[in-house]
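Work through the exercises below with the sequence and the coordinates at hand. Each task is followed by a solution in steps.

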Amino acid sequence: MGLIRLVYASESRLVEANRRLETGRIVASAREANVRNEITGFLLATPAAFAQVLEGDRHSVAETYGRIVLDPRHAGIRLLAEEPLAQRRFANWAMGLAERDETTTFIFGLFGVTPDADLPEHPVDTLLDLAGELSRQMA
Ligand SMILES: Cc1cc2nc3c(=O)[nH]c(=O)nc-3n(C[C@H](O)[C@H](O)[C@H](O)COP(=O)(O)O)c2cc1C
């Protein structure tokens with residue numbers, strides 16, 4: 001089994017009125033599918049963008065990413081990394097979620113993620129470190 005990590009960033013197409021609800025729905029169904037597919041990872045969400053880390057078997061990750069890319073709830077998807085992985089970083093997360101809101105805006109800001117420099121503007125290492133920090137705080 002070839003373990004890989006895939007990271008992408010995208011622009012959100014969710015409308016403000018139901019954004020939090022819809023994001024919750026995305027993650028709830030993602031978790032169900034990811035448990036079946038032995039995928040772990042983390043989703044970062046801001047009002048305007050997503051960035052997601054997917055970890056798992058090469059074929060499962062490719063199949064999952066193939067579905068994610070077609071999802072009209074986001075657009076402008078940019079693949080930032082697809083690389084072999086020795087060990088999962090988000091092993092306990094069928095899909096972690098952190099949204100930038102009143103409580104997390106400070107930590108997003110520490111990593112430079114602001115409305116003027118949103119998730120897709122950042123290098124993959126920054127996104128991984130931010131997701132790692134948020135996952136530790138939420139554990
Ligand atoms: C930002 C975002 C993240 C998603 N993450 C996952 C995920 O981790 N795993 C997954 O199976 N589906 C994920 N999805 C959902 C898929 O895009 C798709 O809607 C779902 O797999 C159902 O696909 P189907 O309608 O072709 O059956 C995500 C969707 C979005 C918009």
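**Exercise 1: helix H1**

In H1, the buried residues include Ile26, Ala30 and Asn34; buried means 20 or more other C-beta atoms within 10 Å of the residue's own, exposed means 12 or fewer, and partly exposed lies in between, with C-beta atoms placed from the backbone. The model is predicted: local features need pLDDT of at least 70 and side-chain atom pairs pLDDT 80 or more, while totals for chains, interfaces and linings use all residues. Residues are numbered from 1 along each chain as its sequence is written.

Task: state what covers the buried residues of H1, and how far H1 reaches.

Step 1. Helices (H or I, at least four residues) and strands (E, at least two) are DSSP runs, numbered from the N terminus.
Step 2. The cover over the buried residues of H1 includes S2.
Step 3. H1 (residues 19-37) lies across S2, S3 and S5 and runs at about 165 degrees to S2. Contact means C-beta atoms, placed from the backbone, within 7 Å. Axes are lines fitted to C-alpha atoms, for helices over the stretch in contact, with angles from 0 to 180 degrees between N-to-C directions.
Step 4. From first to last C-alpha, the 19 residues of H1 reach 26 Å, close to the 27 Å expected, that is, 1.5 Å times one less than the number of residues.
Step 5. Glutamate 38 follows H1 and has a positive phi, near 55 degrees.

**Exercise 2: the sheet**

Task: give the strand order and explain why S4 and S5 each have a side without a neighbour in the sheet.

Step 1. The order of the 5 strands is S4-S1-S3-S2-S5, in an open sheet with mixed pairing; two strands pair if DSSP finds at least two bridges between them.
Step 2. S4 (74-84) and S5 (96-99) are at the edges and have a single partner strand each, so one side of each lacks a neighbour in the sheet.
Step 3. On average, neighbouring strands of this sheet are turned by 15 degrees against each other, direction ignored.
Step 4. S2 (residues 40-45) and S3 (residues 49-57) pair in the antiparallel sense over 6 bridges. Leucine 44 stands opposite alanine 51 in S3.

**Exercise 3: the ligand shell**

Task: which element gives the most residues to the shell around the ligand?

Step 1. The ligand is surrounded by 14 residues, the closest being Ala30, Ala33, Arg67, Asp71 and Arg73; the cut-off is a C-beta atom, placed from the backbone, within 6 Å.
Step 2. H1, S3 and H2 each supply at least two shell residues.
Step 3. H1 gives the most, with 4 residues.

How values were computed
Contact = placed C-beta atoms within 7 Å.
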